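User: Please take me through this model and explain what stands behind each label. I like to see the value next to its cut-off.

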Amino acid sequence: MSEIDPAAVEADEFSKLAPLQAAVLSKLNEAADLAALETCRVEVLGKASELAGLLKDVGRLPPAERPIRAALRNALKETISSALETRRGGLEEAALTVRLSAERMDISAPVRPEPAGLIHPISRTMEEIAAIFGAMGFSVKEGPDVEDDWFAFGALNIPGHHPARAMMDTFYLNAKIGERRALLRPHTSSVQIRTMLEWAKAEATGATPEPIRIIVPGRTFRSDHDATHSPMFHQVEGLVIGRDITLAHLKGCLIDFLRAFFNVPDLPVRFRASYFPFTEPSLEVDIGRDRKSGEIGAGSDWLEILGSGMVHPNVLANCGIDPREYQGFAFGVGIDRITILKHGMADMRPLFENDVRWLRHYGFSPLAPANLHEGI
Ligand code: DAH
């Protein structure tokens with residue numbers, strides 16, 4: 001190995017690299033944006049760059065000079081890389097500044113009119129019902145849309161071949177829940193059963209559960225379809241069970257509800273004897289409504305509005321509640337029907353068509369409070 005002068009080698013290498021460094025750094029500074037900088041990076045650090053060539057050549061250098069020259073070439077690579085990052089940071093910041101000033105909002109500009117969302121009349125009715133019964137101490141309960149036929153019929157005192165089953169043109173599913181047939185619930189009355197079973201289970205542990213006082217709004221299904229019937233519709237069920245609940249409670253509760261809901265303080269309400277398998281006695285409830293004008297609370301006509309009654313002892317017993325100790329009342333209301341009546345709508349079908357023009361007309365502002373009798 002021949003002797004070398006390290007200082008001279010270093011000076012020689014330095015004199016070669018210095019112009020390259022100066023050229024590269026000025027190129028980087030000239031890159032006007034991030035895309036230009038990227039092109040520049042490929043040019044100065046990429047495989048075809050002068051620097052890459054110099055680094056590749058390190059292997060062919062005389063061994064004695066190699067460490068000195070290689071160190072300087074690697075140092076140059078470091079310098080260029082870090083200058084590149086610095087420049088990139090600067091350009092990114094500049095790009096952000098440009099974007100921020102372009103996207104600046106004028107918060108004093110007037111509000112752009114937005115198509116505001118509205119509350120669907122059915123949701124509104126449910127809210128009103130919950131508000132009215134909530135004020136009477138009821139709570140809201142829900143149950144599944146898919147039931148089995150014991151919850152929907154059997155437990156409600158509607159045995160297998162009872163004509164009431166046929167009246168309900170039910171959607172049966174090709175499925176079973178356990179051994180029982182599955183179906184889309186034809187009424188919300190099935191939730192009475194679920195509630196009473198839970199209550200009886202709690203009582204069986206020795207606890208004294210609160211008396212039952214619930215409403216059950218929800219979807220219901222029957223296979224019929226015309227101007228006043230939809231295969232999917234809505235009901236609200238009510239159930240009150242306690243030791244001394246009487247028909248007087250049923251009447252008072254429903255009269256108060258109907259007067260508050262229709263916003264007619266002296267609304268005439270009539271109770272008519274009727275028949276439901278799950279109540280005894282059973283009552284249909286009518287309200288005063290002028291047939292010609294449609295005005296609720298006026299004229300001398302009656303309109304049937306809901307079904308109700310004292311819960312049948314068989315139903316209580318089916319749920320494990322002793323009918324000698326407990327009794328109560330139940331009712332079922334068609335939500336869609338009372339909605340169209342209250343708002344003077346001619347037809348039930350638009351409720352489910354989701355035509356925005358109709359919704360814009362009949363929908364409710366989310367912030368407008370429910371306008372009910374006595375401000376509930
Ligand atoms: N389930 C009945 C129906 O869908 C409505 C009904 C009537 C419910 C009387 C009740 C009731 O709870 O007591 O037609």
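Analyst: Happy to! A polar side-chain atom of Gln192 lies 3.1 Å from an oxygen atom of the ligand. The model is predicted, so local features need pLDDT of at least 70 and side-chain atom pairs pLDDT 80 or more, while totals for chains, interfaces and linings use all residues. Residues are numbered from 1 along each chain as its sequence is written, and side-chain values use heavy atoms, without hydrogens and water.

User: What makes the pair between Gln192 and the ligand a polar contact?

Analyst: A polar contact is a pair of N or O atoms within 3.5 Å, so the 3.1 Å of Gln192 qualifies. Two further side chains pass as well: Ser189 has an N or O atom 2.9 Å from a ligand nitrogen, and Glu237 has one 2.6 Å from a ligand oxygen. The ligand taken alone exposes 350 Å², of which the protein buries 90% (Shrake-Rupley areas, 1.4 Å probe).

User: Which residues come nearest to the ligand?

Analyst: His187, Ser189, Arg222, Gln235 and Glu237 come nearest, out of 15 residues around the ligand. A residue counts as near if one of its heavy atoms lies within 4 Å. This shell divides into four nonpolar, nine polar and two charged residues; Asp, Glu, Lys and Arg are the charged types, and Gly counts as polar.

User: Which elements give two or more residues to that shell?

Analyst: Strands S6 (232-242), S9 (302-311) and S10 (327-334) do. Strands are DSSP E runs of at least two residues, and helices are H or I runs of at least four, numbered from the N terminus. The protein chain has 12 helices and 10 strands in total.

User: Why is the chain called more spread out than a compact globule?

Analyst: Its radius of gyration, taken over C-alpha atoms, is 40 Å, and the globule rule (2.2 Å times the number of residues to the power 0.38) gives 21 Å for 376 residues, so the chain is well over that value. Its C-alpha trace spans about 120 × 55 × 40 Å along the principal axes.

User: How do you know that the bond between Glu280 and Pro281 is cis?

Analyst: Its omega is about -5 degrees. Pro281 lies in strand S8, residues 279-288.

User: What is the phi of Asp169?

Analyst: Asp169 has a positive phi of about 20 degrees although it is not a glycine. Asp169 sits in the loop between helix H7 (163-167) and strand S3 (172-177).

Technical notes:
Polar contact = N/O pair within 3.5 Å; in protein donor to acceptor, adjacent residues only side chain to side chain.
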